[in-house]
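The following exercises concern the packing of helices and the pairing of strands in one protein chain. Each task is followed by a solution that proceeds step by step.

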Amino acid sequence: MATDADDLAHWLRLSAVPGLGAAHQRSLLAAFGLPQHIFAASRGALAAVVGSEAAAAVLAPPPQERIEQGLAWAAESGNHLLTLADEAYPRSLLDIADPPPLLYLKGRPELLQRPALALVGARSSTVQGDANAEAFARALATQGFAIVSGLALGIDAAAHRGALAAGAEGGGTVAVIGTGIDRIYPAKNAALAREIAAAGVVVSELPLGTPPLPHNFPRRNRLIAGLAHGVLVVEAAVNSGSLITARLATESGREVFAIPGSIHSPLARGCHRLIREGAKLVETAEDVVEELRGRLGWASPPFPAPPRHRGRRASGAGAPESSPAAPAQAALALDADTARVLQILGHDPVDIDTLAQRCGLTVDALYAILLPLELDGRLVRLPGSRLQRT
């Protein structure tokens, strides 16, 4: 990223032209070369490429305050402006239909050159979904993948935390946001964003100060898909934005993976739809690595693959893998009544009345059994007064 301040000023001016979208910016760059050549061109020459109205906007006096603000931001430690002309511009983005001419980065730009996997899912995720996302992200980061996500609540945040937990030897994490890079949305993830900026990298294509406008988040998803070799969807409803990311990944020739869930869970239906449409069903992080190994030219994983386990899975080794013996094994240390309730509960969400009916117990008697299990972390309460085994 050797672009000097004068060059950056021209790039910032180009990105600030009112009404001139990224597509027109790229058309002008293709026709004239660098931004300074665009601003030196005649109005007629510009109009031949983007039309007379856009040509007039290009030649209007530059927004000097906005340009100086961008230069001052780029001069701060850890901040970077990456242009389409830079050698460090991620090559993976050049494969998508509309790569942004200018990227704002905060953190470690070299992570954008690493093999990457996008991990996305529901904002209103379940406890188990968050655990799966964090475990898969940590395992895949340990394998050398940079984990790309969108810094949203739920699955995105869990994915970033999992990648950060892999430590300095892992592949790191990339947060692609739908606001200006000086604005973090949601504010609840501000501390997480600071952690990512310190150990990973935060990325935005939007000008400084851009607020969280709804139409910017679907556009953000194309960058999440474009930066990665594949997209793993952990939990998603049928109308989830994660399915948009998956579709964009497919259109760009990326692999799409999905973790299956309960047939009764609304947050599993999006994943099931993807699987029906050809996404790869995965149960462990190793499943993802095996699928991408040929695409990446790896004879074997760069780090030892996590072993497949039966029954309970060690923390960080991927999604929990169930087996017929698992409920009985988990209940060995419990008294007979509690073990029976836990086994009847199974792994699907269920309401208290239905569970009481299945167990042949009153609701009061069932609560007396469930409370110790909840305190012990063996089950969680979900929205709608439902229960689910962890």
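**Exercise 1.** In which hand, left or right, does helix 1 pass helix 6? The model to be examined is predicted.

*Solution.* Begin with the axes: those of helix 1 (residues 5-15) and helix 6 come within 9 Å and cross at roughly 130°. An angle over 145° would count as roughly antiparallel and one of 65 to 115° as roughly perpendicular; helix 1 is therefore oblique to helix 6. The crossing itself is right-handed. Next, identify the residues that meet. Helix 1 contributes Ala 5, Leu 8, Ala 9, Leu 12, Arg 13 and Ser 15, and helix 6 contributes Arg 66, Ile 67, Gly 70 and Leu 71. Classified by character, the residues of this contact comprise six nonpolar, two polar and two charged.

**Exercise 2.** Determine the strand order of the nine-stranded sheet and locate the helices that lie on it.

*Solution.* The nine strands form an open sheet with mixed pairing, in the order 1-2-6-5-4-3-7-8-9. At its edges are strand 1 (79-83) and strand 9 (280-281), each of which pairs on one side only. Within the sheet, strand 4 (residues 146-149) and strand 5 (residues 173-176) run parallel and are joined by three bridges. Ser 149, for instance, has Ala 175 of strand 5 as its bridge partner. Helix 7 (residues 127-142) packs on this sheet, where it touches strand 3 (116-120), strand 4 and strand 7 (230-233). The direction of helix 7 makes about 175° with that of strand 3. Helix 6 (residues 64-74) lies across strand 1 and strand 2 (102-107), and runs at about 120° to strand 1.

**Exercise 3.** Which residues make the contact between helix 7 and helix 13, and how do they divide by character?

*Solution.* The axes of helix 7 and helix 13 (residues 285-296) come within 9 Å, with a crossing angle of roughly 45°. The two helices are therefore oblique to each other, and their crossing is right-handed. Phe 136, Ala 139 and Leu 140 of helix 7 make the contact with Ala 285, Val 288 and Val 289 of helix 13. The division is six nonpolar, no polar and no charged residues.

**Exercise 4.** Describe the geometry and composition of the contact between helix 10 and helix 11.

*Solution.* Helix 10 (residues 216-227) and helix 11 (residues 241-251) have axes that come within 8 Å and cross at roughly 50°. This angle makes helix 10 oblique to helix 11. The hand of the crossing is right. On the helix 10 side the residues are Pro 218, Asn 221, Arg 222, Ile 224 and Ala 225; on the helix 11 side they are Gly 241, Ile 244, Thr 245, Leu 248 and Ala 249. Six of the contact residues are nonpolar, three are polar and one is charged.

**Exercise 5.** What is the strand order of the three-stranded sheet, and which strands stand at its edges?

*Solution.* This open sheet has the order 10-12-11 with antiparallel pairing. Strand 10 (350-351) and strand 11 are the edge strands; each has a single partner strand, so one side of each lacks a neighbour in the sheet. Two bridges join strand 10 to strand 12, and Val 350 stands opposite Leu 387 in strand 12. Helix 17 (residues 363-375) packs on the sheet, touching strand 11 and strand 12, and its direction makes about 105° with that of strand 11. Strand 11 (residues 379-382) and strand 12 (residues 386-389) are antiparallel and joined by four bridges; Leu 379 has Arg 389 as its bridge partner. Three residues lie between these strands in the hairpin, where Gly 384 takes a positive phi near 85°.

**Exercise 6.** Is Val 341 buried or exposed, and is Ser 77 buried or exposed?

*Solution.* Val 341 belongs to helix 15 (residues 336-345). Its relative accessibility is 1%, and Val 341 therefore counts as buried. Beyond neighbours within four places in sequence, Val 341 is in contact with Cys 359, Leu 361, Leu 366, Ile 369 and Leu 370. Of these contacts, Leu 366 is 25 residues away in sequence, with a C-alpha to C-alpha separation of 8.2 Å. Ser 77 is located in the loop between helix 6 and strand 1. With 75% relative accessibility, Ser 77 counts as exposed. The C-alpha atoms of Ser 77 and Lys 106 are 8.9 Å apart, the two residues being 29 residues apart along the chain.

Technical notes:
Residues are numbered from 1 along each chain as its sequence is written. This is a predicted model: local features need pLDDT of at least 70, side-chain atom pairs count only at pLDDT 80 or more; totals for chains, interfaces and linings use all residues. Side-chain values use heavy atoms; hydrogens and water are left out. Axes are lines fitted to C-alpha atoms, for helices over the stretch in contact, and angles run from 0 to 180 degrees between N-to-C directions. Angles under 35 degrees count as roughly parallel, over 145 as roughly antiparallel, 65 to 115 as roughly perpendicular and the rest as oblique. A crossing is left-handed if the near helix is turned anticlockwise from the far one by less than a right angle, and right-handed if clockwise. Contact means heavy atoms within 4.5 Å. Ala, Val, Leu, Ile, Met, Phe, Trp, Tyr, Cys and Pro count as nonpolar, Asp, Glu, Lys and Arg as charged, and the others, Gly among them, as polar. Two strands pair if DSSP finds at least two bridges between them. Buried means under 20% relative accessible area, exposed over 50%, partly exposed in between (1.4 Å probe, protein chains only).
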